[in-house]
Amino acid sequence: MAETLTLKKKLAEKIEAFRPRTTRLNKEFGNVVIDQVTISQAIGGARDVRCLVTDISYLDPHEGIRFRGKTIPETFAALPKVPGSDYPYVEGFFHFLLTGDMPGKGETEELVHEFQNRSQVPQYVFDALRTLPRDTHPMTLFSAAIMLMQRESLFAQRYTEGMKKTEYWEPMFEDSLNILARLPQIAAYIYRMKYRSDTHIPPDPKLDFGGNFAHMMGIPHPYDDVARMYFVLHSDHESGNVSAHTTHLVASALSDPYYSLSAGMAGLAGPLHGLANQEVLRWIQDVMKKMDGKLPSEEQLKKFLWDTLKSGQVVPGYGHAVLRKTDPRYISQMEFCQKNLPDYPMFKLVNMIYKVAPGVLQEHGKAKNPWPNVDAQSGVIQWYYGVREYDFYTVLFGVGRALGVLANIIWDRALGYALERPKSVTTEMLEKWASEGGRKLG
Ligand code: CMX
């Protein structure tokens, strides 16, 4: 089945053509310096240190994300659309992330079919999830479900049997496709088990990734478009963010995609990363509650923001480690809201926060970026379409993020990236180098 898949054949050709570039850089230019590290970067989370490589997406601080060189609007415009929908096939987008080529209609349909063939979630996954206490966080269930399927890893099996390094990417590709095809049902199952009285809607084998997810969630059109948009927007944000970096790090030990993605999802579950989308809704709901459901004035909103900051908390959905302008993923979702829910009070509140919060954060003077990130808008859309259990929102982020991080680790193995192992130093060493004006290099 997979042997004849156009995507796999195309990927094999791309990898063969690309490998000499990485080999040449490593062998002939390995000593060329591309960055240096300061004490505050060593203490401060390696911010801005250039020591990761990916060709799948690039995040410019002022422009935002480009997938394979294309902006978000360019990506949406160029991908084949699902019939009757304004949004593209998620499957076609995965083809684009992996190869850098826009798939044609035929290639996309072939891949949609391939995903459908691989989408059956093993019953033991559901059985295991059901044994856990029902108040377990959805991200714990999601990460656990991915980890549970590790026994099926072809990469792990082929590695034990013995395979050449140049072949590593193939079972990584197979595992990744198997995982991705199953994620919509796993996510919808977790949602309905926890929040819809444990009633479930079987997958429709004729539907695409986003359409089937909406169907299994039990939410009509245009939620299928919301799903497609959401998964594409959340897919990839270059390599240094916690979920991408964790997945890459774990995979560098030649852990298979199940282990690696499960670990990446644990990173996404942090409130400074993907969990911020649930925190945004919690914050907005808190404001609405205090206002008895009425919209606050700008002055009142300013006070809510200052109260949050003065209590030592962050304003969720604002700020970014790399971006220095409004996140284009925020804008893309804002445009969706303007078209589909322009008068929704919560959307109006989100717009008002956008008007007020950057000024407050600038006055506060700490955040390097006072502008909204992807998480500031996404929960409102979910709330509008009836997904009001905001604990679940990070799982939606996770389904999308899986597309990017899995594409990345397939290429990691294809290009033979090494075990990741940065060097640590002690505080005493830092103090010594500080007193000497820097570490003597060479
Ligand atoms: N509200 C209040 N303070 C903020 C802030 C915010 N939204 N954003 C940054 N700051 C503070 C930081 O906490 C830090 O304070 P300390 O010096 O006391 O530690 C200071 O400003 C400098 O931080 P920074 O360099 O601007 O930002 P970082 O790279 O350290 O962190 C991020 C980036 C996203 C974690 C941070 O902006 C934040 O906590 N935002 C709120 C949570 C959020 O929306 N996260 C989602 C990000 C997108 C995603 O990954 O999903």
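A residue is taken as exposed when its relative accessible area is over 50% and as buried when that area is under 20%. The model examined here is a predicted one. By that yardstick D48, at 55% relative accessibility, counts as exposed because its value is over the 50% cut-off. D48 sits in the loop that links α2 (39–43) to β1 (57–60), and its backbone does something a bit out of the ordinary: phi is near 75°, a positive value in a residue that is not glycine. Most residues other than glycine have a negative phi, and most peptide bonds are trans.

A second non-glycine residue with positive phi turns up further along the chain. S197 has phi near 50° and belongs to the loop between α9 (169–195) and α10. Its relative accessibility is 70%, so S197 counts as exposed too. Glycine gets a look-in as well: G386, just after α18, takes a positive phi of about 100°. As for the peptide bonds, the one joining H221 and P222 is cis, with omega at about 10°. P222 itself falls in the loop between α10 (209–217) and α11 (223–233).

Turning to the cysteines, how many disulfides does a search of the whole structure find? The count comes back as zero. Two cysteines show how much the surroundings can vary. C51 has a relative accessible area of 57% and is therefore exposed, whereas C337 is at 0% and so counts as buried.

C337 also has a part in a helix pairing, that of α16 (residues 328–340) with α17 (residues 345–364). The axes of these two helices come within 11 Å and cross at roughly 140°. Why does this pair count as oblique? An angle has to be over 145 degrees to count as roughly antiparallel, and 65 to 115 degrees is the range for roughly perpendicular, so at roughly 140° α16 and α17 are oblique to each other. The crossing is left-handed. On the α16 side, the contact is made by Y330, M334, C337 and Q338, while α17 brings in F347, V350, N351 and Y354. Sorted by class, the contact has six nonpolar and two polar residues, with no charged ones.

Over in helix α15 (residues 298–310) lies K302, which at 34% relative accessibility is partly exposed, because that value falls between the 20% and 50% cut-offs. Leaving aside residues up to four places away in sequence, K302 touches V356 and V360. K302 and G359 are 57 residues apart in sequence, yet their C-alpha atoms are 9.2 Å apart in space.

Helix α18 (residues 375–384) is mostly covered, with nine of its ten residues buried. The buried set comprises D375, A376, Q377, S378, G379, V380, I381, Q382 and W383. And what do the buried residues of α18 pack against? Their partners are α11, α14 (276–290), α16, α17 and α19 (393–414). The two helices of the oblique pair, α16 and α17, are thus among the elements that these buried residues pack against.

Technical notes. Residues are numbered from 1 along each chain as its sequence is written. This is a predicted model: local features need pLDDT of at least 70, side-chain atom pairs count only at pLDDT 80 or more; totals for chains, interfaces and linings use all residues. Side-chain values use heavy atoms; hydrogens and water are left out. Helices (H or I, at least four residues) and strands (E, at least two) are DSSP runs, numbered from the N terminus. Buried means under 20% relative accessible area, exposed over 50%, partly exposed in between (1.4 Å probe, protein chains only). A disulfide is a pair of cysteine sulfur atoms within 2.5 Å. Axes are lines fitted to C-alpha atoms, for helices over the stretch in contact, and angles run from 0 to 180 degrees between N-to-C directions. Angles under 35 degrees count as roughly parallel, over 145 as roughly antiparallel, 65 to 115 as roughly perpendicular and the rest as oblique. A crossing is left-handed if the near helix is turned anticlockwise from the far one by less than a right angle, and right-handed if clockwise. Contact means heavy atoms within 4.5 Å. Ala, Val, Leu, Ile, Met, Phe, Trp, Tyr, Cys and Pro count as nonpolar, Asp, Glu, Lys and Arg as charged, and the others, Gly among them, as polar.
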